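Dear colleague,

I am passing the structure below on to you, and I would be glad if you could look it over. My notes on its aromatic residues and its internal cavities follow.

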Amino acid sequence: MTAAVQDRRRTLFGLGAGNAMEWFDWNVYATFASFFAAQFFNAHSAVSALLSTLAVFAVGFAARPIGGWVFGWIADRKGRQLAMALTVAIAAIGSLVIGLSPTYGQIGVWASVILVVARLAQGLAHGGELPSAQTYIAEVAPPARRGLWSSLIYFSGTCGVLMGTLLGAVLSGVLSHEQMLSFGWRIPFILGGVFGLYSLYVRLRMRETEVFQASKNNASKEKGQIWQTIKRNPKLLAQVVGLTVGATVIYYMWAVAAPSYAITVRGVPPTGALWAGVFANVVFLVALPLWGMLSDRIGRKPVLFIAIAGLIVLSFPLNAMVGHEPWQLFVAMSIALLFMAGFSSVGPAVYAEIFPTRIRAVGVGVPYSIAVAAFGGTAPYLQTLFAGNGHPSLFIIYGIVLMVISALVVFTLPETRGVDLREKAETDDRAVTGSGA
């Protein structure tokens, strides 16, 4: 095996393992919330404790735009590899803190404070992970295969989500309810922290991208240069928001909230609904690299248009397909996620390809995190609210409107398939320094 092949495998494993761990940590919080809620808040009111725990989950979302800015700035100023190492380290520490924390019964309100601080740290880390990781993978990928390589972002992230879901199913089946309340809920957080520290070790051995090194060596380092470059590119920031609003709502609607919605509103048996969600996400995993390869052949824009058009046209039929049986949920989720994979697979490549090298991470991280927090984070709540008021179709219309906005944004994008980011970095630097044509 050549050194180049070994380096490529180490790069892909380090990026994928760290990204999977961050998604694992982010989602096991919600998966195990009902078990540990009373451990961090007043146990005399189980409902109040659970609501308080879910409120902390929302606090993590609020921290993500700040993380996108902080770690995006680090990635653009100091390097992508450093930013990815820091995000995975902070996420791992946050997970260990939650898993090893004393309970409310032991230290009182300080247990709640520890949970909030740990979750804020994880929110910051998660907000910085995606822009840093997708920028890194886009810059190290061969130009002709960047679509395929970029599909690793959601592929590894979904693997992390599935690991958390399966771990929850296994632990709840092996341990009694009392054992889950006592210590079982700590297991996923401790495992996530240990795996995160291992991912940190792997990421510290990864090399910085040649694209960033070339830009760093060629460009001037005037104070405030990143901010000045951002101010000169407001259209790019708006394009990131416009592309994200539709996709994030549809993703949370079908990949995350669909089983819970089916259980609560359609009366699907809980166990069957959860397994339907697991298998539908497996379909999503299989589809991701296929869409990525297709985008490398026919272009990013055609793939985005196919994915968005399919989701718009099928929104009402797929929602109507979800009945009272788990197999109906599985079929509807699988079809929705099949098209969603078209967007998710090439999204990281598109975001990276439209931005100048000097602001590639922070320029994506901040508007992306804001859009996800504002639209994705509220999607499950709005879906349940509209359904509870007897108007479930309003949420479907809401999602369609946002997808139409995303489609209009795609019209404004250049086709970036196969673009050489090293050449783009040199062009960007000449524009920043004012030299050259």
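**Aromatic residues and cavities**

One aromatic cluster is formed by Trp23, Tyr154, Tyr251, Tyr252 and Phe284. Please keep in mind that this is a predicted model, and that what follows was computed from it.

The cluster leads on to the largest cavity, which holds about 310 Å³ of space and has a lining of 24 residues, with Trp23, Tyr154, Tyr251, Tyr252 and Tyr368 lying nearest its centre. At least two residues of that lining come from each of helix 1 (3-31), helix 6 (109-140), helix 8 (152-174), helix 13 (234-256), helix 17 and helix 18. By character, the lining of the largest cavity divides into 15 nonpolar, seven polar and two charged residues.

Tyr368, one of the residues nearest the centre of that cavity, also takes part in an aromatic pair. In the whole model, the count of aromatic pairs comes to 12. Among them, Tyr351 and Tyr368 are arranged edge-to-face, at 5.8 Å centre to centre and with 70° between the planes. Because Tyr351 lies in helix 17 (residues 326-354) and Tyr368 in helix 18 (residues 360-376), this pair ties together parts that are 17 residues apart in sequence. Both partners are buried: Tyr351 has a relative accessible area of 4%, and Tyr368 has one of 9%.

As for the other pair that I noted, Trp185 and Phe189 are likewise edge-to-face, with 6.4 Å centre to centre and 70° between the planes, and both of these residues are buried. A charge also sits over a ring elsewhere, in that the charged end of Arg119 lies over the ring of Tyr29, 4.3 Å from the ring centre.

Returning to the cavities, the structure holds four of 30 Å³ or more. The second largest of them has about 50 Å³ of space, and its lining consists of Met253, Trp254, Ala258, Tyr261, Ala262, Asn319, Val322, Leu329 and Gln383. Helix 13 and helix 14 (258-266) each supply at least two residues of this lining, and the largest share, three residues, comes from helix 14. Seven of the lining residues of the second largest cavity are nonpolar and two are polar, while none is charged. Helix 13 thus appears in the lining of the largest cavity and in that of the second largest cavity.

With best regards

Methods
Residues numbered from 1 in each chain as written. Predicted model: local features only at pLDDT ≥ 70, side-chain atom pairs only at ≥ 80, totals over all residues. Heavy atoms only, no water. Phe/Tyr/Trp six-rings, centres within 6.5 Å; stacked < 30°, edge-to-face > 60°. Buried < 20%, exposed > 50% of the residue type's maximum accessible area, 1.4 Å probe, protein only. Helix = DSSP H or I, 4+ residues; strand = E, 2+ residues; numbered from the N terminus. Lys NZ or Arg CZ within 6 Å of the ring centre and 35° of its normal. 1 Å grid on protein atoms, 1.4 Å probe; cavity = no way out; pocket = protein on both sides within 12 Å on 5 of 7 lines; lining within 4 Å. Points joined across faces, edges and corners; volume = space filled by probe spheres on them. Nonpolar A, V, L, I, M, F, W, Y, C, P; charged D, E, K, R; others polar.
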